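Here is a brief report on the structure shown below. It moves from one residue and its contacts to the sheet and the helix packed on that sheet.

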Amino acid sequence: ELHQKGFSGSFDFLYLPMDFESKRNKGYFFLNLRTHQLAQIFTDVFSRHSFNRYRSNKVPEVALAKTQGFQKNIWKFLQQSGDRVNNPWFKQLLFRPHETIPSIWTCCPLSVDVLPEPLRSRAVA
């Protein structure tokens, strides 16, 4: 639904915590929007929004996370989960422009190997 509401290319990090036993999400997610203005628009669009894919009586709220920014989120989740989570469906996701077609964004599970430079070099050091 994020893409349907016009947020393609607006975020570079997404983490939807999953319950490993039930294989269902825990009902909240972390999203790093690329600008403060996008975050304000996102808040306006998704506060109290009823999601279509999974119906629920819960009322969604948008709130600021303690950790703000792409790099800080990357370091936090690499330190917390690192290689502990092997299933790519349960990992945090990075979104970045395609190498040859910047208007197309690609998605990949978080790992040191997919970090953009110079973050990759810093993580390995």
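## Glu117 and its salt bridge

Glu117 counts as partly exposed because its relative accessibility is 46%, and the cut-offs put partly exposed between 20% and 50%. The model is predicted. The side chain of Glu117 meets that of Arg120 in a salt bridge, at 3.5 Å from N to O. The structure holds one salt bridge. Arg120 has a relative accessibility of 29%, so Arg120 also counts as partly exposed.

Glu117 also takes part in a cis peptide bond. That bond runs from Glu117 to Pro118, with omega near 5°.

## The loop between strand 6 and helix 3

Pro118 sits in the loop that links strand 6 to helix 3 (119–124). Asp113 lies in the loop between strand 6 and helix 3 as well. Is Asp113 buried or exposed? Asp113 is exposed, because its relative accessibility is 64% and the cut-off for exposed is over 50%.

Asp113 can also be placed against Val124. Eleven residues separate Asp113 and Val124 in sequence. In space, their C-alpha atoms are 9.3 Å apart.

## The sheet

Four strands make up an open sheet. Their order is 4-1-5-6, and the pairing is antiparallel. Strand 4 (30–33) and strand 6 (105–109) are the edge strands, each paired on one side only. On average, neighbouring strands of this sheet are turned by 15° against each other, direction ignored.

In a regular strand, side chains alternate between the two faces of the sheet.

## Strand by strand

How many bridges join strand 1 to strand 4? Four bridges join strand 1 (residues 11–15) to strand 4, and the two run antiparallel. Tyr15 has Phe30 as its bridge partner in strand 4.

Strand 1 also pairs with strand 5, again in the antiparallel sense, over two bridges. Here Phe13 has Leu94 as its bridge partner in strand 5. Strand 5 is joined in turn to strand 6 by five bridges, and these strands run antiparallel. Phe95 has Cys107 as its bridge partner in strand 6.

## Helix 2 on the sheet

Which strands does helix 2 lie across? Helix 2 (residues 70–80) lies across strand 1, strand 4 and strand 5 (93–97). Helix 2 runs at about 30° to strand 1.

Methods: Residues numbered from 1 in each chain as written. Predicted model: local features only at pLDDT ≥ 70, side-chain atom pairs only at ≥ 80, totals over all residues. Heavy atoms only, no water. Pairing = 2+ DSSP bridges. Axes fitted to C-alpha atoms, helices over the stretch in contact; angles between N-to-C directions. Contact = heavy atoms within 4.5 Å. Buried < 20%, exposed > 50% of the residue type's maximum accessible area, 1.4 Å probe, protein only. Salt bridge = Lys/Arg side-chain N within 4 Å of Asp/Glu carboxyl O.
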